[in-house]
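Here's a quick briefing to read alongside the structure. Have the sequence and the 3D view open as you go.

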Amino acid sequence: MRRTKWNQRSGITLTSLVIYVIGLTILFATIANLTIYFNKNSRSIEFTTNNSAQLTRLNQYLISDTKNKNIKSVNVENNIIQINVDNEEIKYIYDSQSKGIYRNKVKISNDVQLAKFSKETVYDKSKITIEIVIGEQEKVSKTLEFII
């Protein structure tokens, strides 16, 4: 077995070790930033999707109720839409306390920040307009119009 001198041994020098540590730190910092960016965007998509689902549910109920051929009358006052169909009365109520829109006491939309109902007459037809803002963090604003 042959002995080598101390200065001839191969190994990691202090300089190369510092360079490796700096390189790994940069690599991990980049991966952490990408992960944070991805998670932030996925939460944003989740909120927007949930808010859009709330709008879609409200829209489906209103389309179903306003396309009924047996509508007797439509009245809009304050935060209430009242549709009379044959012997049935359908009410859409915006409650700012619970931040929801109710259809005959059943909550169909959550996290509603603002809802404004209005009615006007266009060519002998009733036009209901709903201006709505859903969501706290990622707000979705929409104006829905229905001709009866």
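Two residues are in contact here when they have heavy atoms within 4.5 Å of each other. Keep in mind that this is a predicted model. On that contact cut-off, and leaving aside neighbours within four places in sequence, Lys-127 is in contact with Ser-118, Lys-119, Glu-120, Val-122, Glu-145, Phe-146 and Ile-147.

**Overall layout**
- The protein's secondary structure adds up to one helix and eight strands.
- Walk along the sequence and you get the pattern α-β-β-β-β-β-β-β-β.
- The protein has 148 residues, and 26% of them count as buried.
- Take the contacts between residues at least 6 apart in sequence: 33% of these join residues at least 24 apart.
- As for the outside, the accessible surface comes to about 11,100 Å², and carbon and sulfur atoms account for 53% of that.

**Helix H1 and the nonpolar patch**
- Helix H1 covers residues 14-66, and Asn-50 is found in it.
- Tyr-20 has its place in helix H1 too.
- Tyr-20 is also one of the residues behind a nonpolar surface patch of about 930 Å². Its other members are Ile-12, Leu-14, Leu-17, Val-18, Ile-19, Val-21, Ile-22 and Ile-26.
- Is Asn-50 buried or exposed? Neither label fits: Asn-50 has a relative accessible area of 43%, so it counts as partly exposed, the class between under 20% and over 50%.
- Asn-50 and Asn-110 sit 60 residues apart along the chain, and their C-alpha atoms are separated by 9.6 Å.

**Strand S7: Lys-127**
- Strand S7 runs over residues 125-134 and includes Lys-127.
- Lys-127 counts as buried because its relative accessible area is 17%, and the cut-off for buried is under 20%.
- Which side chain does the side chain of Lys-127 join in a polar contact of 3.5 Å? The partner is Glu-145, a residue that also appears among the contacts of Lys-127.

**Strand S7: Thr-129**
- Thr-129 lies in strand S7 as well.
- With a relative accessible area of 8%, Thr-129 is buried.
- Not counting residues up to four places away in sequence, Thr-129 touches Lys-116, Phe-117, Ser-118, Thr-143, Leu-144 and Glu-145.
- Two of those names, Ser-118 and Glu-145, turn up in the contacts of both Thr-129 and Lys-127.

Methods
Residues are numbered from 1 along each chain as its sequence is written. This is a predicted model: local features need pLDDT of at least 70, side-chain atom pairs count only at pLDDT 80 or more; totals for chains, interfaces and linings use all residues. Side-chain values use heavy atoms; hydrogens and water are left out. Helices (H or I, at least four residues) and strands (E, at least two) are DSSP runs, numbered from the N terminus. Buried means under 20% relative accessible area, exposed over 50%, partly exposed in between (1.4 Å probe, protein chains only). A polar contact is a pair of N or O atoms within 3.5 Å; within protein, one must be able to donate a hydrogen and the other to accept it, and residues adjacent in sequence count only if both atoms are side-chain atoms. Accessible areas come from the Shrake-Rupley method with a 1.4 Å probe; for residues, only the protein chains shown count as cover. Patches are made of residues with over 30% relative accessible area and no salt bridge: like charges are joined within 9 Å, nonpolar side chains (Val, Leu, Ile, Met, Phe, Trp, Tyr) within 5 Å. A salt bridge is a side-chain nitrogen of Lys or Arg within 4 Å of a carboxyl oxygen of Asp or Glu.
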